[in-house]
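Me: I'm new to this structure and would like a close look at one part of it. Could you take the inside of the bigger chain, and then show me how the rest sits around that?

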Amino acid sequence: MAEVDNKALFEFLVRMGDNTLILGHRVSEWCGHAPILEEDIALANTALDLLGQTKMWLDYAGKVQGEGKTADDLAFLRDAWDLRNVLLVELPNGDFGQTLMRQFLFDAWHSIILGHLLKSSDDDVRAIAQKASKEVAYHLERSADTVVGLGDGTPESHKRMQAALDYLWPYVGEMFETDDIDRAMAAAGVAPEPSGLKADFDALTGRVLADATLTIPEGKFAHKGGRNGYMHTEHLGHLLCEMQWLQRAYPGCEW
Amino acid sequence: MSNEKTPSRSEWPLWEVFIRGQHGMSHRHVGSLHAPDAEMAIKNARDVYTRRNEGVSIWVVEAKHIAATAPGEKGPFFEPSESKVYRHPTFFDIPDEVGHM
């Protein structure tokens, strides 16, 4: 097996950690605003799970980087161009249906990659995957059920879910993009090549979206640029502004 | 009666939630919640009532399926047992070696 290059490993870890960081923050924006109490608490639980996973990924990333940075440093003191999350997770919440559709699409990918990471050659990656995969199995169950419930619900909910799918689908492709970093991770047995996860993802989403009576858009176009840091959407800066302002305004502040 | 007919509302039904704290214990009522169906009621119960590791098993039952005593029947139902101390096993001497019971 190929030697693991720390720079590539760091990139892989921040990609994982930034996905959960940004989605966790997005989901937390619903706290106190969800349509009903039960969903509000469920979403807050999901957000907290994702933030917990972020801490594990970014702490390990900091260790690999070797500059003495903690998960907090990486989460709160990097600007948009240094973040490596896929564009899908930084998109605005929209309505509740759009939030849950985004969650489902991410959960589907997330559960599949974590399944592979359970067999990673890297002990820390394996340990993180073990903890995260149980949480994510539940996230997926919940978001899939909600997508089916709303998609196959009233004419109004169906219309909104189809609109959400149409809007979000072009952001799915980025999750399966494979570059040199991914190839290095695969060669070292740390992580699978994302392109290899597409078949499982298509099977899973195809089944759930058919149950939800929703039509997967035909277009093949994929928005890219998040996970390689080329160009994020304009939404990320606004998100970071809210998420990071305290550490930016009061550097080192603790409470 | 000003409110003879309950207006039909598209609210989810109410579910009562019972949670078993640990193996060997009985399920205990912990509260209620709203959900569209039994599956979602269990998921909601998981998210609302077991966030702090409270349970190993969840039961939910739609509140309308619970038959209950009426407050007005309190007297005939419960008061007669108040004066029957002999139903409590308090008149037995417990041997010391039994320890705490």
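Reply: Here is a walk through the core of chain A, followed by its helices and then chain B.

Keep in mind from the start that this is a predicted model.

Let's begin with the core itself. The largest nonpolar core has 71 residues. Those with the most contacts inside it are A:Leu13, A:Ala61, A:Leu88 and A:Val147. If you want to know which element gives the largest share, look at helix α5 of chain A, residues 96-117, which supplies 12 residues of this core.

A:Leu13 is a handy place to zoom in. Setting aside its neighbours within four places in sequence, A:Leu13 is in contact with A:Trp57, A:Tyr60, A:Ala61 and A:Val64. A:Ala61 therefore turns up twice, as a contact of A:Leu13 and among the residues with the most contacts inside the core, where a core is a set of buried residues joined through C-beta atoms within 7 Å.

Next, the helix α2 of chain A, which runs over residues 37-65. At 1.5 Å a residue, its 29 residues should span 42 Å, and the end C-alpha atoms are 41 Å apart, so the two agree. Right after α2(A) comes A:Gly66, with a positive phi near 75 degrees.

Now follow helix α1 of chain A, residues 6-28, to A:Asp18, which has its place there. Is this charged-looking spot buried or exposed? A:Asp18 is buried, because 28 other C-beta atoms lie within 10 Å, and 20 or more is what it takes to count as buried. Leaving out neighbours within four places in sequence, A:Asp18 is in contact with A:Leu83, A:Arg84 and A:Asn85. Take A:Arg84 as one of these: it is 66 residues away from A:Asp18 along the chain, yet their C-alpha atoms are separated by 5.9 Å.

For a contrast, go to A:Glu234, in helix α10 of chain A, residues 234-249. A:Glu234 counts as exposed because it has 9 C-beta neighbours inside 10 Å, and the cut-off for exposed is 12 or fewer. A:Glu234 also has a partner from far off in sequence: A:Glu90 is 144 residues apart from A:Glu234, but the C-alpha to C-alpha distance is 9.3 Å.

Step back and look at chain A as a whole. Chain A has 10 helices and zero strands. Its C-alpha atoms fill a box of roughly 55 × 45 × 30 Å along the principal axes. For 255 residues, a compact globule would have a radius of gyration near 18 Å, and chain A has 18 Å, so that agrees. Of those 255 residues, 45% count as buried. Among contacts in chain A with a separation of 6 or more, 74% are between residues 24 or more positions apart.

On to chain B. Chain B has two helices and three strands, and along the sequence they follow the pattern β-β-α-β-α. A compact globule of 101 residues would have a radius of gyration near 13 Å, but chain B has 21 Å. Along its principal axes, the C-alpha trace of chain B spans about 60 × 45 × 15 Å. Buried residues make up 15% of its 101 residues. For contacts in chain B between residues at least 6 apart in sequence, 44% join residues at least 24 apart.

Within chain B, find strand β1, residues 14-20, and strand β2, residues 27-34, which pair in the antiparallel sense over seven bridges. In that pairing, B:Glu16 stands opposite B:Ser32 in β2(B). The two strands form a hairpin with six residues between them, and B:Gly24 in the turn has a positive phi of about 95 degrees.

Finally, see where the chains meet: 11 residues of chain B are in contact with eight residues of chain A. On the chain B side, β2 and α1 (38-49) each supply at least two residues. The largest share, six residues, comes from α1(B). By class, that side of chain B has five nonpolar, two polar and four charged residues.

Terms used:
Residues numbered from 1 in each chain as written. Chains lettered and ligands numbered in written order. Predicted model: local features only at pLDDT ≥ 70, side-chain atom pairs only at ≥ 80, totals over all residues. Helix = DSSP H or I, 4+ residues; strand = E, 2+ residues; numbered from the N terminus. Contact = placed C-beta atoms within 7 Å. Rg over C-alpha atoms; globule rule 2.2 N^0.38 Å. Pairing = 2+ DSSP bridges. Nonpolar A, V, L, I, M, F, W, Y, C, P; charged D, E, K, R; others polar. Expected span 1.5 Å × (residues − 1).
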